[in-house]
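Thank you for letting me take a few minutes of the meeting. Please have a look at the model on the screen, and I will then walk you through two of its features.

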Amino acid sequence: ERLQQREQDFRNVVETQTELIVRFLPDGTHVFVNEAYCRYFGIPCGEMLGKKMWPRIPDEDKIPLKQHFSSLTPEHPTGTIEHRIITHDNQVRWVQWNDRAIFGKNGNVTEYQSVGRDITEKKKIEAELGLDQPIIVQYWRWISGLARGDLGFAYVSEKPAIEEIAPRIPITAKLASMALFFSVLILERIA
């Protein structure tokens, strides 16, 4: 009876998670899904369990996803990947998955466990800020903006960064001058 209660407690914890939780066989057969996973894909849990199901994924994300699962080994059984999913209502959403391959005694994968969370809003913000671009492009954009006197945009206050910095320049200059004065004074006394 105590074991049954512990199992029920565990199931309650898993079922109330907002993360998408799924366990599936290498052929895609779902052996466990939580309510959040079922809601996300718009399919009742009873229709998923025991069935081979793969989420709809844009073609350009399929090869990296296959490579991700192929990279999981007994020595390195976990990995994280971000990719797009086409939901039941045809929205393209981003999901970050933390995957664990479970291996049998023979070293072959017997099951996968995946925990996912929707990161679509994060991806939108990254795109708005240009953070989805290669670092060299981001750096060039920053340098060219700096040359034009554009220090960027303060995301929290929603103002140009120069408007946030300018009022603080006089006190910063005073502090810098005082620091320079005292460092010269101390160096002269030491020398």
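I will begin with a link between two cysteines and then turn to a patch on the surface.

Please keep in mind throughout that what you see is a predicted model. How many disulfides does the structure hold? It holds one, and the partners are Cys-38 and Cys-45, whose sulfur atoms lie 2.1 Å apart. If you look along the S-S bond of Cys-38 and Cys-45, the angle about it is 125°, and the link is right-handed. Are these two cysteines buried or exposed? Both Cys-38 and Cys-45 are buried.

Now to the surface, where a nonpolar patch of about 950 Å² is made by a set of residues that includes Ile-135, Tyr-139, Trp-142, Ile-162 and Ile-169. Which helix gives the largest share of this patch? That helix is α6, which contributes six residues, while α6 (135-147) and α7 (161-165) each supply at least two.

Let me pick out two members of the patch and go through them in turn. Ile-162 is found in helix α7, and because its relative accessible area is 38%, which falls between the 20% and 50% cut-offs, Ile-162 is partly exposed. Ile-169 sits in helix α8, which covers residues 169-190, and Ile-169 likewise counts as partly exposed because its relative accessibility is 46%.

Finally, to give you a sense of distance, the C-alpha atoms of Ile-169 and Gly-42 are separated by 54 Å, and these two residues are 127 residues apart along the chain.

Key: Residues are numbered from 1 along each chain as its sequence is written. This is a predicted model: local features need pLDDT of at least 70, side-chain atom pairs count only at pLDDT 80 or more; totals for chains, interfaces and linings use all residues. Side-chain values use heavy atoms; hydrogens and water are left out. A disulfide is a pair of cysteine sulfur atoms within 2.5 Å. Buried means under 20% relative accessible area, exposed over 50%, partly exposed in between (1.4 Å probe, protein chains only). Helices (H or I, at least four residues) and strands (E, at least two) are DSSP runs, numbered from the N terminus. Patches are made of residues with over 30% relative accessible area and no salt bridge: like charges are joined within 9 Å, nonpolar side chains (Val, Leu, Ile, Met, Phe, Trp, Tyr) within 5 Å. Accessible areas come from the Shrake-Rupley method with a 1.4 Å probe; for residues, only the protein chains shown count as cover. A salt bridge is a side-chain nitrogen of Lys or Arg within 4 Å of a carboxyl oxygen of Asp or Glu.
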